[in-house]
Amino acid sequence: MTDFPFLSILTLFPLVGAAVVAFIPKTRAQLAKTIALGWSLAVLALSVVMWIVFEAGGDRFQFRESYQWIPTWDARFTFAADGIALVMLLLIAILVPAVILASWNDVDETQRSVPTYFALLLALECTMIGVFAAADVFLFYVFFEVMLVPMYFIIGSYGGARRQYAAVKFFLYSLVGGLFMLAAVIGLWVVGGHTFDWQKLSDVSAAFDTNTARWLFLGFFIAFAVKAPFFPFHTWLPDAGVAAPAPAAALLVGVLDKVGTFGILRYCLPLFPEASRWFAPAALILGVIGIIYAALLAVGQNDLKRLVSYTSIAHFGFIGIGIFAFTTQAGTGSVLYMVNHGLATGLLFLVVGMFVARRGSALVSDFGGAGKLVPVLAGVLFFAGLASLALPGTAPFVSEFLVLIGTFTVHKVYAVIATVGIILAAAYVLWMFQRTTQGTLNPALTEVPAMHKDISLREKIVVAPLVLLLLILGFYPKPVTDVINPAVEATMQDVGTTDPAPTAVANGKVAP
């Protein structure tokens, strides 16, 4: 089964689905939704098969495929997946069907094309899969840039107020970051022996001139920092998160942002090990600032979607310090954080979207006592909030704990400061929940018919798998850490760092 072209099929299949859905007449909206959902479930099934076939103790990169593309540049359609890429591919496959189902009634058929919206979601899935599966630097860059297009149209055509401003800002920020990467990609091709193959470049990276490698690292890092987003390159996310349809925003913060941190792990660290170590102190400082800064801003937000967007920026600070701590423990925690953040914040955005759709407003002040009208939905919001703040027993707690303890072994000050973010997270999550669902019932809510409808069967199907995964991985993360850990160890070896105190992640626990 390992010879089966999993990655190329997994990448192209959603694109074919997008073409099929796009050609469905506008009058057949229900058919477009059904086909899009079925297509995404087929991608999920193939991803699960790939997960089963993957050998956690086998080769670092598996499912390798390579097809000729541009011989003059030695650019090829090369795909391969290590444990880090694999968990992200499965995360995409899980979130996209949930987003499609959550978007079922979000598009007004009388004003906008329903088939086009769902075709854009499938096209976005294609580009997201491609960017994580690519093992050719130029191919990665192409997916990195093309990924902007479907999300731009989703925000700009189907978003809320200020959607065009947010879409343009999202596009320009990412495009400018991509230009830095393009310059670095060209430079890498020149100094790397006129090839874009990741493995060949990795083999010769030790011979790069120190100053050249640092400049190339910086080009990649700026692009990834914008995409992640790390402080101070983060300002596009709150606007995009507010303007985008809530389900699409779940993909934006759940998956698209992870391209930045994935890129650092896949390209910055292995290809520029000395530069990574040289820039690490600055990256750690930015990560810690991002945690505190975004958490403080989240506390003061009155818009639910903007609040969730700022929480995401704070979480990426944790991921960043885990990566640049250069310990296997913190690195494994960071990758696990990428997965758990996608599940928890994705769930939070989806549930917030359900509240916003009912109330017709995302302002916290327009709610108050909503739990009296929709108690089950309020309960799901509470769980999603607790998972987002990394409550013990939920999956984010495991990853946050590994990041902090792995960082503390080498950078005590950064780890201690970062823990302040946990306290602030409890403040903004509990404040948000108390102001929206608890206390005296806002009389205005009783006048909104939709606010008298608790969670529906469709919405239960959307949130149930995410809730279940957050609980299972909170108590038993071993199936995921077993896949992640070898890839992280190999990455740390590429950087040339060793853990000060050898540790391992076994059965989801830290073992000496």
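**Figure 1. Lining of the second largest pocket in the predicted model.** Helix H2 (29–53), helix H3 (83–102), H15, H20 and helix H21 (478–495) each contribute at least two residues to the lining of the second largest pocket. The space in this pocket amounts to about 480 Å³. The lining consists of 25 residues, and those closest to the centre of the pocket are Leu-90, Ile-94, Leu-343, Pro-465 and Leu-469. Sorted by class, the lining of the second largest pocket comprises 25 nonpolar residues, with no polar and no charged residues.

**Figure 2. Surroundings of Ile-94 in helix H3.** Ile-94 is among the residues closest to the centre of the second largest pocket. Apart from residues up to four places away in sequence, Ile-94 touches Leu-44, Leu-466 and Leu-469. Of these contacts, Leu-469 is also listed among the residues closest to the centre of the second largest pocket. Is Ile-94 buried or partly exposed? Its relative accessible area is 21%, and buried requires a value under 20%, so Ile-94 is classed as partly exposed. From C-alpha to C-alpha, Ile-94 and Phe-408 are 33 Å apart in space, with their positions 314 residues apart in sequence.

**Figure 3. The largest pocket and the helices that line it.** The largest pocket holds about 760 Å³ of space. It is lined by 35 residues, of which Asp-106, Ala-246, Gly-353, Val-356 and Ala-357 are the closest to its centre. Two or more lining residues come from each of helix H10 (236–243), helix H11 (246–256), helix H15 (328–359) and helix H20 (457–475). H15 provides the largest share of the lining, with six residues. In terms of residue class, 18 nonpolar, seven polar and 10 charged residues make up the lining of the largest pocket.

**Figure 4. Helix H9 and its N-terminal cap.** Helix H9 spans residues 210–227, a run of 18 residues. The distance from its first C-alpha to its last is 26 Å, close to the 26 Å expected at 1.5 Å a residue. At the N-terminal end of H9, Asp-209 acts as the cap, with a side-chain oxygen 3.2 Å from the backbone nitrogen of Asn-211. H9 is mostly covered, as 13 of its 18 residues are buried.

**Figure 5. Gln-301 in the loop between helices H13 and H14.** This loop joins helix H13 (273–299) to helix H14 (304–324). A polar atom of the Gln-301 side chain lies 2.9 Å from the backbone oxygen of Leu-297. Beyond its neighbours within four places in sequence, Gln-301 is in contact with Arg-306, Leu-307, Tyr-310, Val-364 and Trp-431. Why does Gln-301 count as buried? Its relative accessibility is 14%, and the cut-off for a buried residue is under 20%, so Gln-301 falls in the buried class.

**Figure 6. Thr-409 in the loop between helices H17 and H18.** Thr-409 is located between helix H17 (395–408) and helix H18 (412–437). The side chain of Thr-409 reaches the backbone oxygen of Gly-406 at a distance of 2.8 Å. With a relative accessible area of 35%, Thr-409 is partly exposed, because this class lies between the 20% limit for buried and the 50% limit for exposed residues. The C-alpha atoms of Thr-409 and Ile-264 are separated by 22 Å, and the two residues are 145 residues apart along the chain.

Definitions and conventions: Residues are numbered from 1 along each chain as its sequence is written. This is a predicted model: local features need pLDDT of at least 70, side-chain atom pairs count only at pLDDT 80 or more; totals for chains, interfaces and linings use all residues. Side-chain values use heavy atoms; hydrogens and water are left out. Helices (H or I, at least four residues) and strands (E, at least two) are DSSP runs, numbered from the N terminus. Buried means under 20% relative accessible area, exposed over 50%, partly exposed in between (1.4 Å probe, protein chains only). A polar contact is a pair of N or O atoms within 3.5 Å; within protein, one must be able to donate a hydrogen and the other to accept it, and residues adjacent in sequence count only if both atoms are side-chain atoms. Contact means heavy atoms within 4.5 Å. The expected span of a helix is 1.5 Å times one less than its number of residues. On a 1 Å grid over the protein atoms alone, a cavity is a set of points where a 1.4 Å probe fits but cannot get out, and a pocket is an open set with protein on both sides within 12 Å along at least five of seven lines; lining residues have an atom within 4 Å of a point. Grid points are joined across faces, edges and corners, and a volume is the space filled by probe spheres set on the points. Ala, Val, Leu, Ile, Met, Phe, Trp, Tyr, Cys and Pro count as nonpolar, Asp, Glu, Lys and Arg as charged, and the others, Gly among them, as polar.
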